Amino acid sequence: MNEYSLGYRIHIDFIPLFLVFILCSCGLVLLYSASGQNIDLVYSQMIKLLIALLCMILMAQVPPANLDRLSLSLYIFGIILLLFVIIFGDIGKGAQRWLDLKIIRFQPSELMKIAVPIIISSYLSSRFLPPKFLRILIACIIIATPVFLIAQQPDLGTALLVAVAGFSVIFIAGISWRFLLSIFILSALSVPMLWHFMREYQKQRVLTFFNPE
């Protein structure tokens, strides 16, 4: 990236941002269709996307070294909040996912979407890359802890997103294709066990995804 370009100065790569813009646009079209052409709902979602864009630009200005120093504290703070959800969480629509702070209702699992990739990046970058088996195993445990707590709420969708965010960092760190294939095979073998522990509405969502009719 040219050091005199706008993207370089604000620390934003416009190519991935353009791809995100396309995905968001497709999402708005689908929302418009699924909501019975409710344009007010689309406008509301667009405002949220603009706020998210502003937050992304602001976060991009934070030096990576600062994020590295905050990674462990942010991760531990998120784990503590997830434990609070299990003990004191506010129940809504059959799920215990929220902390009621009186002023706002806060969903700690959203914090882990940021905290997990940051802590994995910090952990793996502290040694030579690509990471060895033991470090990958420890990284998997770091990822699995919040994923398990989120799945207990239950919130399988967010748990999977957090897992993907964490494992994406491991993949980018340069693990071998052989190890990646082993993870894929183990994941495939664990599907029957996962299906057994899934709730009925979660099973129905999976079946609807493969057979919308």
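Select Ala139 first and display its contacts. Beyond residues up to four places away in sequence, Ala139 touches Ile120, Tyr123, Leu124 and Ile170. The model is predicted, so treat each stop as a feature of that prediction. Ala139 sits in helix α6. Buried or exposed: which is Ala139? Ala139 counts as buried, because its relative accessibility is 0%. Now add Ser121, which is 18 residues from Ala139 along the chain. The C-alpha atoms of the two are 9.5 Å apart.

**The α5 and α6 pair**

Widen the selection to helix α5, residues 108–125, and helix α6, residues 133–151. Their axes come within 10 Å. The crossing angle is roughly 170 degrees. How do α5 and α6 run relative to each other? They are roughly antiparallel, because an angle over 145 degrees falls in that class. Color the contact residues next. On the α5 side, pick Ser109, Met112, Val116, Ile119, Ile120, Tyr123 and Leu124. On the α6 side, pick Arg135, Ile138, Ala139, Ile142, Ile143, Pro146 and Ile150. Ala139, the opening stop, is among them.

**A salt bridge within α5**

Stay on α5 and show the side chains of Glu110 and Lys113. They meet in a salt bridge, at 3.0 Å from N to O. Side chains of opposite charge can pair when their charged atoms come close. Both residues lie in α5, three residues apart, about one turn of the helix. How many salt bridges does the structure hold? It holds one. Check the surroundings of each partner. Glu110 is partly exposed, with a relative accessible area of 34%. Lys113 is also partly exposed, at 27% relative accessibility.

**Ser71, on α4**

Move to Ser71. This residue is in helix α4. Ser71 is buried, since its relative accessible area is 2% and the limit for buried is under 20%. Which residues does Ser71 contact, leaving aside neighbours within four places in sequence? They are Ile118, Ile119 and Ser122. Ile119 has come up before: it is one of the α5 residues in the contact with α6.

**A nonpolar patch**

Switch to a surface view and select Leu72, Ile76, Ile80, Leu83, Phe84, Ile86, Ile87 and Phe88. Together they make a nonpolar surface patch of about 760 Å². Zoom in on Phe88. Phe88 belongs to helix α4, residues 64–88. Phe88 counts as exposed because its relative accessibility is 60%.

**A backbone stop: Gln37**

Return to a backbone view and select Gln37. Where is Gln37? It lies in the loop between α2 (14–34) and α3 (39–60). Its phi is near 60 degrees, a positive value in a residue other than glycine. Gln37 counts as exposed, at 55% relative accessibility.

**The whole chain**

Clear the selection and zoom out. The protein has nine helices and three strands. Follow the chain along the sequence, and the pattern reads α-α-α-α-β-β-β-α-α-α-α-α. Of the 213 residues, 26% are buried. Now show the full surface. The protein exposes about 15,200 Å², with carbon and sulfur atoms supplying 72% of it. Finish with the contact map. Among contacts between residues at least 6 apart in sequence, 57% join residues at least 24 apart.

Technical notes:
Residues numbered from 1 in each chain as written. Predicted model: local features only at pLDDT ≥ 70, side-chain atom pairs only at ≥ 80, totals over all residues. Heavy atoms only, no water. Patch = residues over 30% accessible without salt bridge, like charges linked within 9 Å, V, L, I, M, F, W, Y side chains within 5 Å. Areas by Shrake-Rupley, 256 points an atom, 1.4 Å probe, with all protein chains shown as cover. Salt bridge = Lys/Arg side-chain N within 4 Å of Asp/Glu carboxyl O. Helix = DSSP H or I, 4+ residues; strand = E, 2+ residues; numbered from the N terminus. Buried < 20%, exposed > 50% of the residue type's maximum accessible area, 1.4 Å probe, protein only. Axes fitted to C-alpha atoms, helices over the stretch in contact; angles between N-to-C directions. Parallel < 35°, antiparallel > 145°, perpendicular 65-115°, else oblique. Contact = heavy atoms within 4.5 Å.
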